[in-house]
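I opened this model to look up where its ligand sits, what empty space is left in the protein, and how some of its strands pair. The entries below follow that order.

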Amino acid sequence: MIYLENISKTYGAGANTVHALQNVNLHIPQGRIHGVIGLSGAGKSTLIRCVNLLERPSTGKVSVDGQDMTALSPQALNKARHRIGMIFQHFNLLTTRTVFDNIALPLELMGETRSTIRQRVEPLLELVGLVDKANQYPAQLSGGQKQRVAIARALASKPNVLLCDEATSALDPQTTGSILELLRDINKKLGLTILLITHEMDVVKSICHRVSLISDGELVEDAEVGDFFTAPRTQLGREFLNDFLQLEPPKELIERLSPDAGTNTHPVVRLTFSGDAVSTPLISKLARECEVDVSILQAKVESIQDRTLGLMIAELLGTPQQTRDAMAYLESHQLQIEVLGHVQRNA
Ligand SMILES: Nc1ncnc2c1ncn2[C@@H]1O[C@H](COP(=O)(O)OP(=O)(O)O)[C@@H](O)[C@H]1O
Ligand SMILES: [Mg+2]
């Protein structure tokens with residue numbers, strides 16, 4: 001449905017050149033919800049704006065629903081954009097128009113008659129739950145209601161793609177939840193393909209099927225959400241995951257951690273396990289088979305899509321040989337192990 005092929009985008013020239021996107025390849029099949037996550041300035045907005053050519057890529061090809069967007073005449077591009085709805089962080093509503101008239105705007109621009117517009121806007125008001133607000137103005141609405149108006153407006157021209165640029169970033173967590181639920185609903189009911197960009201793992205977790213990680217203009221990961229959350233492949237991916245899970249060792253322990261193993265130290269490890277490993281009594285087996293003691297400092301279990309993810313921060317207590325054996329044992333059971341450091345054995 002959406003194909004980005006080898007997209008690059010540079011802003012400025014000479015010493016001021018910014019490489020906002022570099023060799024981005026992305027395919028989003030029909031009916032999927034695809035997230036792109038990254039830090040501020042990574043190139044997320046540039047990426048999403050390249051899909052409907054609000055930004056023209058410097059090089060590369062964009063195709064949506066079988067149409068090569070980069071090759072279209074201005075008129076044809078305008079028409080193609082009717083099939084691509086977009087919503088924004090700050091809603092971008094017209095303050096002097098009522099809710100009804102905001103939603104009607106794209107239809108007016110397409111030259112639809114008043115009666116066609118009414119027939120189209122009324123069910124949209126119903127879909128987003130704002131029938132009773134039709135004649136109010138944006139200033140009278142909450143943030144969540146404004147985003148609902150923006151969603152209805154984006155759907156007015158019956159698009160088959162919806163682009164969401166940080167659509168919930170200005171909303172509180174509860175409102176975010178209800179907007180994401182609405183997007184999920186629309187995806188199911190209308191079969192709409194959704195590309196959304198966000199800096200929040202919660203958003204990816206609660207709505208996306210697949211996710212790409214963008215870093216300095218490059219897509220560095222592309223994975224099913226369950227895989228990304230259970231086994232990110234890059235350091236940045238792991239940082240996003242750890243932030244989301246908020247599983248860091250206690251502060252007083254961090255202060256005592258040394259990067260090097262000494263003669264009288266033991267390792268502190270972060271274990272991530274998924275699938276079968278979550279339900280097996282691995283830790284007690286580990287203690288028996290490798291003769292180490294495991295002191296659990298923190299632990300957490302999360303459900304992501306149909307997957308379960310377990311996390312644990314633990315100290316492995318034993319001789320150097322025993323703790324090496326223990327780590328090899330864990331790795332052979334598909335656990336991800338990260339050695340956070342070593343602490344001096346208490347006297
Ligand atoms: N119109 C522009 N002119 C110059 N630089 C820009 C422009 N838009 C974005 N950039 C730069 O491109 C990079 C990516 O920006 P952006 O796509 O907005 O990132 P994000 O949405 O991930 O925060 C940043 O370094 C930003 O400063
Ligand atoms: Mg942005």
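**Entry 1: the ligand site**

I began with the polar contacts of ligand 1, and found that a backbone N or O atom of Gly41 lies 2.7 Å from one of the ligand's oxygen atoms. I note at the outset that this is a predicted model, and I read every distance here with that in mind.

Two further contacts turned up when I went on along the chain. A polar backbone atom of Ser45 is 2.9 Å from an oxygen atom of ligand 1, and in the case of Thr46 an N or O atom of the side chain is 2.6 Å from an oxygen atom of the ligand. I then looked up the burial of the ligand: taken alone, ligand 1 exposes 560 Å², and the protein buries 57% of that.

Next I listed the residues of the shell. Ligand 1 is surrounded by Tyr11, Val18, Ala20, Leu39, Ser40, Gly41, Ala42, Gly43, Lys44, Ser45 and Thr46. Sorted by class, this shell has five nonpolar, five polar and one charged residues.

Which elements supply at least two residues of the shell around ligand 1? I found strand S2 (18–28) and helix H1 (44–51), and of the elements it is H1 that gives the most, with three residues.

**Entry 2: the strands beside the site**

Since S2 had come up in the shell, I followed its pairing. Strand S1 (residues 2–11) runs antiparallel to S2, and seven bridges join them; as one example of the register, Lys9 has Leu21 in S2 as its bridge partner. The two strands form a hairpin with six residues between them, and in the turn I noted Gly12, whose phi is positive at about 70°.

S1 also pairs with strand S4 (residues 59–64), in the antiparallel sense and over five bridges, and here Glu5 stands opposite Lys61 in S4. Put together, these strands belong to an open sheet of four strands in the order S2-S1-S4-S5, with antiparallel pairing. The edges of this sheet are S2 and strand S5 (67–68), each of which pairs on one side only.

**Entry 3: the pockets**

I then turned to open space in the protein. The largest pocket has a volume of about 560 Å³, and of the 17 residues that line it, Arg81, Ile84, Met86, Pro106 and Arg153 lie nearest its centre. Its lining takes at least two residues from each of helix H2 (74–81), strand S6 (84–88), helix H3 (99–109) and helix H5 (143–155), with S6 giving the most, four residues. By class I recorded nine nonpolar, six polar and two charged residues in this lining.

The second largest pocket holds about 250 Å³ of space. It is lined by 13 residues, and those nearest its centre are His199, Glu200, Met201, Asp202 and Val203. The elements that give two or more residues to this lining are H6, helix H7 (201–207) and helix H9 (235–245). The lining divides into seven nonpolar, two polar and four charged residues.

**Entry 4: the enclosed cavity**

How many cavities of 30 Å³ or more does a search of the whole structure find? The search gives one, and the volume of this largest cavity is about 50 Å³.

The residues that line the cavity are Cys164, Glu166, Ala167, Thr168, Ser169, Leu180, Leu183, Leu196, Ile197, Thr198 and Val203. Two elements, helix H6 (173–190) and strand S8 (193–198), each give two or more residues to this lining, and S8 gives the most, with three. By class the lining has seven nonpolar, three polar and one charged residues. I marked Val203 on my copy, as this residue lines the cavity and is also among those nearest the centre of the second largest pocket.

**Entry 5: a second hairpin**

Last, I looked up a strand pair later in the chain. Strand S12 (residues 293–304) and strand S13 (residues 307–317) run antiparallel and are joined by 11 bridges, one of the bridge partners being Leu311 in S13 for Lys300. This hairpin has two residues between its strands, and Gln305 takes a positive phi near 50° there.

Notes: Residues numbered from 1 in each chain as written. Chains lettered and ligands numbered in written order. Predicted model: local features only at pLDDT ≥ 70, side-chain atom pairs only at ≥ 80, totals over all residues. Heavy atoms only, no water. 1 Å grid on protein atoms, 1.4 Å probe; cavity = no way out; pocket = protein on both sides within 12 Å on 5 of 7 lines; lining within 4 Å. Points joined across faces, edges and corners; volume = space filled by probe spheres on them. Nonpolar A, V, L, I, M, F, W, Y, C, P; charged D, E, K, R; others polar. Near = heavy atom within 4 Å. Polar contact = N/O pair within 3.5 Å; in protein donor to acceptor, adjacent residues only side chain to side chain. Areas by Shrake-Rupley, 256 points an atom, 1.4 Å probe, with all protein chains shown as cover. Pairing = 2+ DSSP bridges.
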